[in-house]
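Trainee: I should like to learn how to read the features of a model such as this one. May we go through it together?

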Amino acid sequence: MVLGPSRMFRDTVVEHAYVGLTETGPRALERAVRTTLGNPVAEHSKRLVHRLFGQRNPMFLIITVALYLGGLGVFVSQATTYIPNRYLGAYHWMAIVPVISASMFSYAMACMSDPGIVTKANVGAACRRFPYDNLLFFRKDCRTCRMAKPARSKHCSVCGCCVEMADHHCVWINNCVGLGNVRWFVLFLVSFSTVCVYGAVVLGTVVLELRHMHGLDRTTVWDADAGMNVAMPLRRSLLVLAHMHGTLCGLAILLALLSPMVAAFSAYQLWILMCGYTGNEESKWANIAMAIDDKVAFAVKMPDGSSMIQAIELEDQEKDTREKRLVESLAELDNIYDLGVWQNLRLVWLGRRLKQ
Ligand SMILES: [Zn+2]
Ligand SMILES: [Zn+2]
């Protein structure tokens, strides 16, 4: 879902899967419901889907909190007695407690903070914060909010408002991610990735400790091929442990599976912010890059002398008489919001508190 729209995966199975999951799949499902169960059921299901995904609702937030607290409960009740163990020193508590606390605190802050909602009172300041680049952002009004739309902002149809330096709407925090809360969101991603990776390692040592306590590392089993007793293989002892400590082993496996996904998404999010993009801008740049690949991106000269990048389809290029130049590479275009890694990170950290 995250990588589907990106240019890197254009015309690959990732893009096809994304289109299938977000467009063709739901359309086919709606048609199937309409023909088999009738129009009223189809309309009801459509409203339900809109309630779940098209409006703010706490369902995903409740799932996240329940899963997190459930995992924490398993850790506290079943693993803490085995820390420290022969593989893990007691000093790890000095890292375990702060990392868990940081992830919970930053999650709560990301959910509850104002993401940077543009209001009548702050629209002036919001418009002065970033210049319009006439590439991704143009001076115009938001038709829904009936107010000026600041550069780098985006109207979120789920929240029903424009958000300053909008990244994306995140269902897991039931909030937009924007200038006001992006620091909490990033802190949450980094601390939660650490919880997953570190948690999997810590629980791994607990499982090995349990193996030792149950004497499974000293147990021998009959090997028919060798015709003698041999030490129980690690894989077999782990299966025995999974039977005895199912929830604990389940949590270790879940964390190990989550780790690469959460870490990859966190690294991606941090990387684009360091490079001076929001998620919203990254997808706009991807669209421009695709238009350049297709040879339909033009720098069109405007009456006031400035130039504007527009996609002009092949069949319309002849008819379009405006003075224009084909853009051949992304290098010809400048991301004016990229102020260098240090300043980009400073903006993420200070958000609205950064002096204009
Ligand atoms: Zn708006
Ligand atoms: Zn939103």
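Trainee: As what does His169 count at 21% relative accessibility?

Mentor: Relative accessible area sets the class: buried is under 20%, exposed over 50%, and partly exposed in between, with a 1.4 Å probe and protein chains only. His169, at 21%, is therefore partly exposed. Cys159 has a relative accessible area of 21% as well and is likewise partly exposed. This is a predicted model, in which local features need pLDDT of at least 70 and side-chain atom pairs pLDDT 80 or more, while totals for chains, interfaces and linings use all residues. Residues are numbered from 1 along each chain as written, chains are lettered from A and ligands numbered from 1 in written order, and side-chain values rest on heavy atoms without hydrogens or water.

Trainee: Which residues coordinate the zinc ion (ligand 2)?

Mentor: A donor is an N, O or S atom within 2.8 Å of the metal (3.2 Å for Na, K and Ca); water is absent, so sites may look incomplete. Here Cys156 (SG), Cys159 (SG), His169 (ND1) and Cys176 (SG) coordinate the zinc ion (ligand 2) at 2.1 to 2.3 Å. Cys159, in the loop between β3 (154-156) and β4 (161-163), and His169, in strand β5 (residues 168-170), are 10 residues apart and link distant parts of the chain. Such strands are DSSP runs of E, at least two residues long, and helices are runs of H or I of at least four, both numbered from the N terminus.

Trainee: What is the geometry of the site of the zinc ion (ligand 2)?

Mentor: Four donors count as tetrahedral if all angles lie between 85 and 135 degrees. The ideal tetrahedral angle is 109.5 degrees. The four donor atoms of the zinc ion (ligand 2) make angles of 100 to 116 degrees, and the site is tetrahedral.

Trainee: Which are the protein donors of the zinc ion (ligand 1)?

Mentor: They are Cys142 (SG), Cys145 (SG), His155 (ND1) and Cys162 (SG), lying 2.0 to 2.3 Å from the ion. The site of the zinc ion (ligand 1) is tetrahedral, with angles of 103 to 120 degrees. Its donor residues follow the spacing C-x2-C-x9-H-x6-C. Cys145 sits in the loop between β1 (141-142) and β2 (147-148) and His155 in strand β3, so this pair ties together parts 10 residues apart in sequence. Cys145, at 18% relative accessibility, is buried, and His155, also at 18%, is buried.

Trainee: How many cavities of 30 Å³ or more does the structure hold?

Mentor: On a 1 Å grid over the protein atoms alone, a cavity is a set of points where a 1.4 Å probe fits but cannot get out, and lining residues have an atom within 4 Å of a point. Grid points are joined across faces, edges and corners, and the volume is the space filled by probe spheres set on them. The structure holds three such cavities. The largest encloses about 60 Å³, and helix α11 (residues 341-350) gives the largest share of its lining, three residues. Its lining includes Arg152, Met165 and Tyr337. The second largest cavity has a volume of about 40 Å³. Among the residues lining the second largest cavity are Cys156, His169 and Cys176, and β3 and β5 each supply at least two lining residues.

Technical notes: Tetrahedral: all angles 85-135°; square planar, octahedral: opposite > 155°, others 65-115°. 1 Å grid on protein atoms, 1.4 Å probe; cavity = no way out; pocket = protein on both sides within 12 Å on 5 of 7 lines; lining within 4 Å.
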